[in-house]
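Colleague: I'm new to this one, so could you walk me through it slowly? I'll just ask whatever comes to mind.

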Amino acid sequence: MTRAYNFCAGPAALPEAVLQQAQIDLVDWQGRGCSIMEMSHRGADFVGIAEQAEQDLRDLLNIPANYKVLFLQGGATLQFAQVPLNLLRGHASADYVCTGVWSEKAIEEARKYAGVNVVATDVANNFRSVPAFNTWQLDPKAAYLHYTPNETIHGVEFDFIPQVDVPLVADYSSSILSEPLDVSKFGLIYAGAQKNIGPAGIVVVIVREDLLGHVKAGTPTLLDYAVSAKNGSMYNTPPTYAWYLAGLVFQWLKQQGGLTAMAELNARKARKLYAAIDGSDFYANPVALANRSRMNVPFTLADAKLDKTFLAEAEQLRLLNLAGHRSVGGMRASLYNAVPEAAVDALIDFMGDFARRHG
Ligand SMILES: *Cc1c(COP(=O)(O)O)cnc(C)c1O
């Protein structure tokens, strides 16, 4: 059986080589007579897997030594609460930039624990761009500034990293590892795994050490970053299998040439697809050119009545999961690291053919 081309926004495509390795390891990991899922997380074998995964991630992102890397649960959504619970540090409020649905959710959750100052929002423009930095209403007393570098649903990506005097916090769920990143510019980065890291069930947090240890009173023990940091993310049983698979993805990324190579490939994939959309009267993408996401490409057809036919024909060609998010409709092609260039080429061919027949 050959694999389909999978454009799912998340849980998203995994590298075929990673799945093949997992298949080899599944029943009997390295002759131990059992699967990784059946091993103690405290045993030398799993601890080795966990430490190697962390080291590989540190190598890929060049993470400075004064940052902790945590492998947690609850997805990016729990981070919407865990960030204010840990990083408020006695401050009254935090600054948030609102560039789409995921920013909105982060803001809504933070309001339970903190004063929230929305420094800029593109809601009036239907989230089609990132508000210019010189218009942001920053509060110098804010505990931190939170933003969403890549809005997965609206396909809006920042073309800059904000430079502010307070700790910078970023929800990198849908674009982490897609290109090199200067981690030292951030106080905290978090990313749910199921877009560009591994299977669902794990979330990676990269946090500067000096921000730890000030958790709000009454916070559950498991939500204190300092507790996870002290216990190697094993205060309780971690999602061992997801951690192992994330580790395989990190090794695969190194084999591909690391994040510089991924950045080139990702830029090429996105450029091609946007060129196909812009070069046709039949397809459209509404996002400002400077803020078009390299990872998630939403587009509409000239006639929304053709959406169902488009999706059905695509599926017949085994181009899967192209429906846009239920909140915005239309189409969306997610082009994460594990989506090969050949998948994008096949999609562009199909789109051209479909437009000729239905346009
Ligand atoms: C998918 C996504 C989330 C939600 O992730 P969960 O793991 O489902 O909680 C949050 N933020 C962004 C940017 C996302 O893409």
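Colleague: Let's start with the loops, then: where is proline 11 found?

Modeller: Before anything else, please keep in mind that this is a predicted model. Proline 11 sits in the loop that runs between strand 1, residues 5-6, and helix 1, residues 16-26.

Colleague: And the peptide bond from glycine 10 to proline 11, is that cis or trans?

Modeller: In this model the bond from glycine 10 to proline 11 is cis, and its omega is near -10°. As general background, most peptide bonds are trans.

Colleague: OK, another loop residue: what is phi of glutamine 30, and where does glutamine 30 lie?

Modeller: Phi of glutamine 30 is near 50°, which is a positive value in a residue other than glycine, and glutamine 30 belongs to the loop between helix 1 and helix 2, the latter covering residues 44-61. In general, most residues other than glycine have a negative phi.

Colleague: Changing topic to the ligand: which residues around it come nearest?

Modeller: There are 13 residues around the ligand, and those that come nearest are Thr77, Thr152, Asp171, Gln194 and Lys195.

Colleague: How far from a ligand oxygen atom are the polar side-chain atoms of threonine 152, glutamine 194 and lysine 195?

Modeller: For threonine 152, a polar side-chain atom is 2.4 Å from an oxygen atom of the ligand, while for lysine 195 the corresponding distance is 2.6 Å and for glutamine 194 it is 2.8 Å. As for how covered the ligand is, it exposes 390 Å² when taken alone, and the protein buries 87% of that.

Colleague: What is the shell around the ligand like by class, and which helix gives the largest share?

Modeller: By class, the shell holds 8 polar, 3 nonpolar and 2 charged residues. Helix 3, residues 75-87, supplies the largest share of the shell, with 4 residues.

Colleague: Staying with helix 3, at what angle does its axis cross that of helix 4?

Modeller: The axes of helix 3 and helix 4, the second of which spans residues 101-110, cross at roughly 45° and come within 8 Å. Because of that angle, helix 3 counts as oblique to helix 4, and the crossing of the two is right-handed.

Colleague: And helix 6, how does it pack with helix 1?

Modeller: Helix 6, residues 240-255, packs with helix 1 at an angle of about 135°, and their axes are 9 Å apart. Helix 1 and helix 6 are therefore oblique to each other, and helix 1 passes helix 6 in a right-handed crossing.

Colleague: What about helix 2 and helix 6, is that crossing left-handed or right-handed?

Modeller: The crossing of helix 2 and helix 6 is left-handed. Their axes come within 9 Å and cross at roughly 40°, and helix 2 and helix 6 are therefore oblique to each other.

Conventions:
Residues are numbered from 1 along each chain as its sequence is written. This is a predicted model: local features need pLDDT of at least 70, side-chain atom pairs count only at pLDDT 80 or more; totals for chains, interfaces and linings use all residues. Side-chain values use heavy atoms; hydrogens and water are left out. A residue is near a molecule or strand if one of its heavy atoms lies within 4 Å of it. A polar contact is a pair of N or O atoms within 3.5 Å; within protein, one must be able to donate a hydrogen and the other to accept it, and residues adjacent in sequence count only if both atoms are side-chain atoms. Accessible areas come from the Shrake-Rupley method with a 1.4 Å probe; for residues, only the protein chains shown count as cover. Ala, Val, Leu, Ile, Met, Phe, Trp, Tyr, Cys and Pro count as nonpolar, Asp, Glu, Lys and Arg as charged, and the others, Gly among them, as polar. Axes are lines fitted to C-alpha atoms, for helices over the stretch in contact, and angles run from 0 to 180 degrees between N-to-C directions. Angles under 35 degrees count as roughly parallel, over 145 as roughly antiparallel, 65 to 115 as roughly perpendicular and the rest as oblique. A crossing is left-handed if the near helix is turned anticlockwise from the far one by less than a right angle, and right-handed if clockwise.
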